[in-house]
Amino acid sequence: MSSHKESHERGNGVVLEPQKSRVKPPPLYKVLLLNDDYTPMDFVVKVLEQFFTMTREKASVIMLRVHREGKGLCGIYPRDVAATKVAQVVAFARQHQHPLACVMEENT
């Protein structure tokens, strides 16, 4: 009976260790749209609505920020999600023959 209890305790120790080692979460990444002189404002709003599930009002605010400040934050995501969003936006923009730039940078 005591040997069963010991293995049970060791099993608990093994389960708890990985949880303790995960003190620092994986880094998150900002997805940003960059301003250019060619992409229509309506297209930027459409991208924000479609790929970042924003309302028209919120998308318009971000679009104006991109226009006035040179860049606008679309969202903050884990690396894989951020990379996918960047690729989707760039592919969609090229498909519609717009030079819209979408980039990701580590959220510090």
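## Strands, cysteines and one salt bridge

Leu32 stands opposite Leu73 in strand 2, and that pairing is a handy way into this predicted model. From there you can follow strand 1 to its two partners, look at a pair of cysteines that stay unbonded, and finish with a nonpolar patch and a salt bridge.

**How the strands pair**

- Strand 1 covers residues 28-34 and pairs with strand 2 in the antiparallel sense, over 7 bridges.
- Strand 2 itself takes in residues 71-78.
- Strand 1 also pairs with strand 3, residues 101-106; these two run antiparallel as well, joined by 6 bridges.
- On that side, Leu33 stands opposite Cys102 in strand 3.

**The cysteines**

- If you're wondering about disulfides, the count comes to 0.
- Take Cys74: the closest cysteine sulfur belongs to Cys102 and sits 5.4 Å away, which is too far for a bond.
- Going the other way gives the matching result, since the closest cysteine sulfur to Cys102 is the one in Cys74, at 5.4 Å.
- The cut-off for a disulfide is 2.5 Å between the sulfur atoms, so a pair at 5.4 Å doesn't make it.
- Cys74 is buried, at 7% relative accessible area.
- Cys102 counts as buried too, at 6% relative accessibility.

**The nonpolar patch**

- Leu28, Leu73 and Ile76 make a nonpolar patch of about 220 Å² on the surface.
- Leu73 is the residue that ties this patch to the strand pairing: it is found in strand 2 and has Leu32 opposite it.
- Leu73 is partly exposed, with 35% relative accessible area; a patch residue needs over 30%, so Leu73 clears that bar.

**The salt bridge**

- The structure holds 1 salt bridge.
- Its partners are the side chains of Arg56 and Glu49, which meet at 3.5 Å, N to O.
- That distance falls inside the 4 Å cut-off, so the pair counts as a salt bridge.
- How exposed are the two partners, Arg56 and Glu49? Arg56 counts as exposed, at 53% relative accessibility, while Glu49 is partly exposed, at 24%.
- The line for calling a residue exposed is over 50%, which is why Arg56 gets that label.
- Glu49, at 24%, lands in the range between buried (under 20%) and exposed, so it goes down as partly exposed.

Conventions. Residues numbered from 1 in each chain as written. Predicted model: local features only at pLDDT ≥ 70, side-chain atom pairs only at ≥ 80, totals over all residues. Heavy atoms only, no water. Buried < 20%, exposed > 50% of the residue type's maximum accessible area, 1.4 Å probe, protein only. Patch = residues over 30% accessible without salt bridge, like charges linked within 9 Å, V, L, I, M, F, W, Y side chains within 5 Å. Areas by Shrake-Rupley, 256 points an atom, 1.4 Å probe, with all protein chains shown as cover. Helix = DSSP H or I, 4+ residues; strand = E, 2+ residues; numbered from the N terminus. Pairing = 2+ DSSP bridges.
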